[in-house]
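Reader: Hello! I am new to reading structures and would like a close look at one small part of this one. Could you take me through it slowly?

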Amino acid sequence: MATVVSPAPTGRGTVFVKPLVETLLPLLLALVLAAIVLLLAGHNPLEVYSLLATESFGSMKRIASTLAAATPLIFTGLATAIAFRTGAFNVGVEGCVNVGGLAAAFVGFTFVSLSGFLLLPAALIAAALVGTLWMVIPGLLKSRLDVDEVVTTLMLNFIAVSLTAYLVNGPLLAPGSANSATPMIADAARLPKLMRGSTLNAGFLIALALVILYWFWGKWAALGFETRIAGMNARFATASGMNVPGLVFKMMLLSGAIGGLAGGVHALGNVFRYVSGFSPGYGFVGIAVALLGRGNAWGILLAAILFGALATSGATIQLFSDVPIEIVNILQGMVMIFAVARFSNIWRRRKA
Amino acid sequence: MIDNIIHAALIMTTPVLLAALGGLINRTGGLVNIGLDSMMLVGALVGVILAAGHGSWAVALLGAGFAGASLGLLMSLTITRLDANEIIVGLGFNIVAAGLVRFFLKSAYDTSGTLSLPDVTRLPRWDIPVIADIPVLGAIFSGHDILTWLAWTLMPLTVWFLARTRAGLRLRAAGAGPKAARALGLDPLFTRDASTVFAGFMSGLAGAYLSIGVVGIFNEGITAGRGFIALAAFYFGRNRPVMTAVGALLFGFFDAFQIRLQGRGVPAELVQTLPYVMVIVILTVIAVSARKSRGARL
């Protein structure tokens, strides 16, 4: 179970072809199967796909909205990958997105007297901090007691959704508001927009910075090396004197921090408050992003942009044609499934 | 009052128990099924479509079970034959199934989210003549449908199956020692696939229970994560049928209470977290006691 995504050792030269095929195959298969679904529903898949492509990359404005939609997915993809590479199967990023988003919104509408220089960073730090705290329990349980982190983090997702729903329906409900949402955050807490008339905001720059950081860290930092070894072979890592449970704990917390940031950036840059259910599964799509990107920094960036493109163009094609937007979910889920399947098994007989 | 709560709790228990018994068999065979919720959802949809227009409820149940079983087979083959990670595939199936169901509703019925068909045959509820009038006992035994009876009959049957039959032994072998099972000439992968098909069938029934047993219409949120509650139930029961049923019953009571508590100042959202919190607590307790019995320091 540990090595779901083991980032390949970055050698030079010939080893480009195999990972490329391994990355493109799940995508291709998902597109083919989704094409069958579209055909059955009486749509022309080629038309739909070309419409999706032009709607997501056809103009500067569309590219901007694609990148805006990709922003939370870059965070959740990195958060998932950083835990996976250490061998910690964290499927609880979705929960971190929710608690982190609520924390950022809370700071954003509570400490309104602070200036923008302080308020915005404070809100982001709060998001990361609460995301980190959310992972303390599963992290401790995994590293100290070897309790299955899949189950605990999965359960914590549901707890996060219900808990935040309770908070925004009760103590943190906006006065005079009937729906489950916090008050709007102060203007000073909003992430600045990068382009007029689009939702692209400075959160994307933070995400890019994190991608670069993750790349450097994975390649040159001692911790980056140790986590990779621990993920590939925990017993070897232990035998080499590494503290594997300690590494797992640290990386679970880091994963939580980045997941919390995803929610914070979404709250401060897009929604400007926390609304119950404001994450359309960013944490789960983040798993698909991490898997499709093979745990590699640039792979994750590309995969997130791809899924961002799907999300933003899916919404538009539903307006212009009668293709339901759910085709996007179908594609995302299938990419996730196919990314972990080993298709070489079909034409190679299993070893006895 | 107490009768109402007992009755409601038992109704809420049935779908969880059905899916949990399926998931328990599945996990005993060596596969943790995160996709139970997707099979439940598809079963609920197929059930309501087949039962519409004065359809037969038996056919609807079979269809729902079959739909869940097919999904289970697909999922199992991906995991056992293509070596795909069970957790990722399970999560992926939940996403794809939810997407497909909504896509289908929009394409075929031009409706988003809710499907309300005319003349849906509901599952008949059986009243037991004398017992029905006795307080408490009546609420427990009378006025339930076939699936509730099936779920509670299957609980002891599962105990017997796992402990006393050849197939049950092979199932446990496939889960506990696939290599040893293989060396003995068994086919653990086939056994595992069969157990997933069974889990899919049970989840499909659980879905149909929700759509044609409880409400009579289909909604995209009809499972309300009950596939995951079922997962919580067999983790809570540590894969033992009786304790799993106790877990399902407990969650059924939470569900029934939560409905009553709405509008009385007790936040329903917090009650909803209880099953999940309990699983984490139980897993912790198990791990601590396992560590103590090994004599290690904490």
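Is B:Ala248 buried or exposed, and why does it count that way?

Author: Happy to help, and please keep in mind that this is a predicted model. B:Ala248 counts as buried because 31 C-beta neighbours lie inside 10 Å of it. The cut-off for that label is 20 or more.

Let us see where this residue sits. B:Ala248 is part of helix H11 of chain B, which covers residues 241–261. Leaving aside residues up to four places away in sequence, B:Ala248 touches B:Thr13, B:Val16, B:Leu17, B:Ala20 and B:Ala233. You can also find B:Leu231 from here: 17 residues separate B:Ala248 and B:Leu231 in sequence, and their C-alpha atoms are 9.8 Å apart in space.

Now step back to the chain around it. Chain B is built from twelve helices and two strands. Read from the N terminus, its elements follow the order α-α-α-α-β-α-α-α-α-α-β-α-α-α. Its radius of gyration is 20 Å, close to the 19 Å that the globule rule gives for 298 residues, so chain B is as compact as a globular protein of that length. A box of roughly 55 × 45 × 40 Å along the principal axes holds the C-alpha atoms of chain B. B:Ala248 has company in being buried, since 51% of the 298 residues of chain B carry that label. Among the contacts in chain B with a separation of 6 or more, 76% are between residues 24 or more positions apart.

Chain B has a partner, too. In chain A, 40 residues are in contact with 38 residues of chain B. The elements giving two or more residues to this side of chain A are helices H6 (136–145), H7 (149–169), H12 (282–292) and H14 (327–340). H7(A) provides the largest share, eleven residues. Sorted by class, the side of chain A that touches chain B has 29 nonpolar, eight polar and three charged residues.

What does chain A look like as a whole? Its secondary structure comes to 15 helices and zero strands. Its radius of gyration is 21 Å, which agrees with the value near 20 Å for a compact globule of 352 residues. The C-alpha atoms of chain A fill a box of roughly 65 × 55 × 35 Å along the principal axes, and 56% of its residues count as buried. The mean pLDDT of chain A is 87, with 93% of its residues at 70 or more. Over residues 10–14 of chain A, however, the pLDDT is below 50, and this stretch has one contact in the model beyond near neighbours in sequence.

To finish, here is a helix of chain A where you can look for buried and exposed residues yourself. Helix H2 of chain A runs over residues 45–57; at 1.5 Å a residue, its 13 residues should span 18 Å, and its end C-alpha atoms are indeed 18 Å apart. In H2(A), the residues A:Leu52, A:Glu55 and A:Ser56 are buried. Those three cover an arc of only 90° around the axis, which puts them on the same side of H2(A). An α-helix has 3.6 residues a turn, so residues three or four places apart point the same way. On the other side of H2(A), A:Leu46, A:Ser50 and A:Ala53 are exposed. The buried residues of H2(A) pack against helix H3 (60–84) and helix H13 (297–320) of chain A.

Terms used
Residues numbered from 1 in each chain as written. Chains lettered and ligands numbered in written order. Predicted model: local features only at pLDDT ≥ 70, side-chain atom pairs only at ≥ 80, totals over all residues. Contact = placed C-beta atoms within 7 Å. Helix = DSSP H or I, 4+ residues; strand = E, 2+ residues; numbered from the N terminus. Nonpolar A, V, L, I, M, F, W, Y, C, P; charged D, E, K, R; others polar. Rg over C-alpha atoms; globule rule 2.2 N^0.38 Å. Buried ≥ 20, exposed ≤ 12 C-beta atoms within 10 Å, placed from the backbone. pLDDT = per-residue confidence, 0-100. Expected span 1.5 Å × (residues − 1). Arc of directions from axis to C-beta.
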